[in-house]
Structure formats: C-alpha cells, structure tokens
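Here is a quick tour of the model on your screen, taken at bench pace. Keep the sequence handy as you read.

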Amino acid sequence: MCKSCSSLDYMATAAVMQLAAIFGMVVGMTARFWWTQQTAETRQLYSAVVWENRLYVGLAVACCLGIFGAFLWHHTELEPWTGSRRLFLFNGQMLMRQAEREAQELLELTRSSQLDTAHPVYMRVADVTSRLLAANSGVDAIRDRQWTVVVVDGPTVNAIVEPNGLVLVYVGLTSMANDDQLAILIGHELAHCLLRHANQLSSIRFVIAALCLVPVIPVIWALLPFGWNILAHLYWLAFLMLCVVLPCVRSCEIEADRVGMELAAKACVDVKQGYRFWDAMAVIDSRPKLLWLLSMHPTNESRSRHLFSLIPVAMEIQRQAGC
C-alpha cells in the first residue's frame, strides 16, 4: 500500500523537477537575452568559433558524461534482496534524520486519533507486527531498530513503515484485511525500508535533474520561440514523469510486494491471502484502468496476479522455516 509514502516520494520528485526546471528556465532566458543583445557580426563570430571547435566541444561533453557516469557507478551497491546493483547516492544517516522528521510529523498529525495501547484493534496490529518482526529478526535492519506501533482511528486503507522504526496502521486497513493479509501488507511496507527505496528514488531524482532537466530546459528556453518553449517544457516534464519517474516508483512497489511476501512467509501466515486482498480491492476500486499510467502503484489486478505467482516460492520459504 503505502499511498502516503508514495505520495511523499511523488511530491519530492515533483519539487526537485520543478526546481531544476525553474533553474533551467532562468539560465535559458538569460542566455537568450544575452544573445539578442549581441550584434549580428558578434553572433556570427561566436557561431563560427563553436563550429570550428565542434570536435573539442563534443569531446568535452563526452568527458563530462564519462566522469559523471563513473561517479554514479562508484555509488552503486549490490542489493542483496534483488541481486542487482542499485544507485544509492545519499548518506544513510541523512535519510534517517529525514525519516525521523517525517515520523514526527505523522505522529503530530494523527495524535488526536491514535488508539490506546489497550484497544483491541491496537493489540491485534501489535501482535501481527511483533510476529512479523520476530520471524525476521535475523535481518540486521530489523534487529537493530527500536520498533513502535501506532494505530490511527481513520477510514484510510493504508499502512506506513518509516525507516526509523515507526509502524503506523489505519483502522480502515484493519477493517478490510484479516491478520494474514495485514502481515503481508505490513511486510510490504517493511520491505521498502529494507530495500532502501527512499535512497534509490532520491538518487534517481538527482540523475533526472542532472541529465534531463539542467541541460535540456535551458536549450528549450534559449532556442524556441515564446509559446513553443512553454509547450516543449511541459511536454518534456510530462514525458519524464510518465516514462521515467512513475515506472521507477511502480517497480519499487513490485519489489516490495515480493520481499514483503517473503518476510510474511517466514512468519507462517497464509500466503494465499495476499492476492485475495488485492482481488477485493479491485472490486472496490472502480477507477478506469487507463489511469494506471498516472499512478504510483501497479493496478490492483496486476498486484493480485503478481502475489499469486509468488505463492510457490513463499510456501517453500515456509517449509524451510518449519511452518
């Protein structure tokens, strides 16, 4: 689930892209103004110099791209959960401080509607979470954190797990999901932390800004006529969001579904309940399926099919765990 977490990622991505776009607009308009102030002879001279040195200009651009590529590769790590190399540009401690701030904001925002620890729904969520964490205590990122469970009395069908150890679940989710489904969904949120998706998505935002916004937007605003540059600007931002950012976010959701299922399997839950939850969500959610292109999540139907396909692997994990 984690619609709130994904919304934060989406807003952060939009903010970074907007800042980079604004910077590009300023640079492009400044360059355009400077160019128009030059005489025809001066402009012709600059054009001739650039054309004569086009080989050196191309080599300089290639060298810069090579250095930047080497910098990115240096900051890739082998992700043990996926077996592939992932880009992690940002310091873990910095992101942890950010997670703590976000957790405090969530706690302050929901303080008036938090359930007491003696409430039956709270005890149910705490029991499910405790079993999930205990079954996966061999994972360093789980064992080394102090976990806190908070249940919010609200109709939202959502759960959030922050990297600092906050597990926040809404009553709306507990009313729709049984204990096995709840374990799988909390496992999904926990998987986002274990897979360091916040760091990965922040790194992707940085690369998009550095390669696709800062170099391209100034060219758009410097070369195209007014009106066309606005249109090209908006089309370029929409293309990056639809074809790069949102697919990356959805890919993270698919990964979290798989790892979350594995975590829940170790807690000996009924792994067949995962796809059944999303089948039920597909009945309730009547949004047109074409809107999935604008969504940060895969469709309910595709999540159901994916979780169904993971059942054999999950059952093998349970067999090895002695469930």
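## Cysteines

Start with Cys268 and Cys323, which form a disulfide with their sulfur atoms 1.9 Å apart. Bear in mind that you're looking at a predicted model. Which hand does this disulfide of Cys268 and Cys323 have? The torsion about the S-S bond is about -75°, so the disulfide is left-handed. The link joins distant parts of the chain: Cys268 sits in the loop between α11 (228–266) and α12 (273–284), while Cys323 belongs to the segment after α14 (311–321), and the two are 55 residues apart. A search of the whole structure turns up one disulfide.

What about Cys212 and its sulfur? Cys212 is in no disulfide, and the nearest cysteine sulfur, belonging to Cys248, is 11 Å away. Why is Cys252 in no disulfide? A disulfide needs the two cysteine sulfur atoms within 2.5 Å. For Cys252, the nearest cysteine sulfur, again that of Cys248, is 7.0 Å away.

Here's how these cysteines fare for accessibility:

| Residue | Relative accessible area | Class |
|---|---|---|
| Cys268 | 43% | partly exposed |
| Cys323 | 47% | partly exposed |
| Cys212 | 22% | partly exposed |
| Cys252 | 3% | buried |

## A histidine in α9

Cys252 turns up again in the surroundings of His197. His197 lies in helix α9, which covers residues 197–213. Is His197 buried or exposed? Its relative accessible area is 3%, so His197 counts as buried, given that buried means under 20%.

Which side chain does the side chain of His197 make a polar contact with? The partner is the side chain of Glu255, at 3.0 Å. If you skip residues up to four places away in sequence, His197 touches His192, Cys252, Glu255 and Ala256. So Glu255 appears both as the polar partner and in the list of residues that His197 touches under the 4.5 Å contact cut-off.

## Rings and charges

Now for the aromatics. How many aromatic pairs does a search of the whole structure find? The search finds seven. One pair is Phe68 with Phe206: the ring centres are 6.2 Å apart and the planes lie at 35°, so this pair is tilted. Phe68 lies in helix α3 (residues 54–74) and Phe206 in helix α9, so the pair ties together parts that are 138 residues apart in sequence. As for cover, Phe68 counts as buried at 17% relative accessibility, whereas Phe206 is partly exposed at 33%.

Trp236 and Phe239 make another pair, with ring centres 5.6 Å apart and planes at 15°, so this one is stacked. They are three residues apart in helix α11, which puts about one helical turn between them. Trp236 is partly exposed, with 24% relative accessibility, and Phe239 is partly exposed too, with a relative accessible area of 42%.

Elsewhere, Trp34, Trp35 and Tyr46 form one aromatic cluster.

Arginines also meet rings here. Arg54 lies over the face of Trp51, 4.1 Å from the ring centre. With Arg196, the charged end sits over the ring of Phe88, 3.9 Å from its centre.

## A glycine in α8

Find Gly187 in helix α8, which runs over residues 179–194. At 0% relative accessibility, Gly187 counts as buried. Which residues is Gly187 in contact with, leaving aside its neighbours within four places in sequence? They are Leu132, Gly260 and Leu263. For a sense of distance, the C-alpha atoms of Gly187 and His119 are separated by 22 Å, and these residues are 68 apart along the chain.

## Zooming out

Step back and take in the whole protein. The protein has 14 helices and five strands. Its C-alpha trace spans about 80 × 35 × 35 Å along the principal axes. Of the 323 residues, 41% count as buried.

The protein exposes about 17400 Å², with carbon and sulfur atoms supplying 65% of that area. Looking at contacts between residues at least 6 apart in sequence, 72% join residues at least 24 apart. The Phe68 and Phe206 pair, with its 138 residues of separation, is one aromatic link between distant parts of the sequence.

How values were computed:
Residues are numbered from 1 along each chain as its sequence is written. This is a predicted model: local features need pLDDT of at least 70, side-chain atom pairs count only at pLDDT 80 or more; totals for chains, interfaces and linings use all residues. Side-chain values use heavy atoms; hydrogens and water are left out. Helices (H or I, at least four residues) and strands (E, at least two) are DSSP runs, numbered from the N terminus. Buried means under 20% relative accessible area, exposed over 50%, partly exposed in between (1.4 Å probe, protein chains only). A polar contact is a pair of N or O atoms within 3.5 Å; within protein, one must be able to donate a hydrogen and the other to accept it, and residues adjacent in sequence count only if both atoms are side-chain atoms. Rings of Phe, Tyr and Trp (its six-membered ring) pair if their centres lie within 6.5 Å; planes under 30 degrees apart count as stacked, over 60 as edge-to-face and the rest as tilted. A charge sits over a ring if NZ of Lys or CZ of Arg is within 6 Å of the ring centre and within 35 degrees of the ring normal. Accessible areas come from the Shrake-Rupley method with a 1.4 Å probe; for residues, only the protein chains shown count as cover.
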